[in-house]
Amino acid sequence: RVIDASTMGRLSRDHLEYHEVPLAFVVADISRLVGAPVEVDPISAHRRFSGSLSFGTRTEMTEALKELMDLDARSDGPTLRLSVRRVRSD
């Protein structure tokens, strides 16, 4: 499959910039940058992300992504797994 280079993320001095990139690509970038495993569930992997993420720790970067994309996160051993936010009933 051919990927349009204009949709790929761009590395800036202190952040990553994306335009209509699959969430799986963003998560893979975070994982590479922080040196710790981060994954996204298959349901969310193809959702498109446009925006910027500042460099930081795995927690900082995934917290920002969680808020922007309405995701939940859970630890599974050393891996942080992002998934669709479940509706909570009180």
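Strands S5 and S6 (residues 79-84) pair in the antiparallel sense over six bridges, two strands being counted as paired if DSSP finds at least two bridges between them. Helices (H or I, at least four residues) and strands (E, at least two) are DSSP runs numbered from the N terminus. The structure is a predicted model, in which local features need pLDDT of at least 70 and side-chain atom pairs count only at pLDDT 80 or more, while totals for chains, interfaces and linings use all residues. Residues are numbered from 1 along each chain as its sequence is written, and side-chain values use heavy atoms, with hydrogens and water left out.

Within the pairing of S5 with S6, Asp-72 stands opposite Ser-83 and Arg-74 stands opposite Arg-81. The two strands form a hairpin with two residues between them, and Gly-77 in the turn has a positive phi of about 65°. On S6 there is also a parallel pairing with S3, over three bridges; here Val-38 has Leu-80 of S6 as its bridge partner. The three strands thus form an open sheet of mixed pairing in the order S3-S6-S5. Strand S3 (38-40) and strand S5 (71-76) stand at the edges, each with a single partner strand, so one side of each is left without a neighbour in the sheet. From one strand to the next, the twist averages 25°.

Two helices are associated with this sheet. Helix H1 lies across S3, S5 and S6 and runs at about 170° to S3. Helix H3 (residues 58-69) packs on the sheet, touching S3, S5 and S6, and its direction makes about 5° with that of S6. Contact means heavy atoms within 4.5 Å; axes are lines fitted to C-alpha atoms, for helices over the stretch in contact, and angles run from 0 to 180 degrees between N-to-C directions.

The twelve residues of H1 (residues 23-34) should span 16 Å at 1.5 Å a residue, and the end C-alpha atoms are 17 Å apart, which agrees; the expected span is 1.5 Å times one less than the number of residues. Leu-23, Val-26, Val-27, Asp-29, Ile-30 and Ser-31 of H1 are buried, that is, under 20% relative accessible area (1.4 Å probe, protein chains only). Gly-35, with a positive phi near 70°, follows H1.

Overall, the chain has three helices and six strands, following the pattern β-β-α-β-α-β-α-β-β along the sequence. Buried residues make up 34% of its 90 residues.

Technical notes
Buried means under 20% relative accessible area, exposed over 50%, partly exposed in between (1.4 Å probe, protein chains only).
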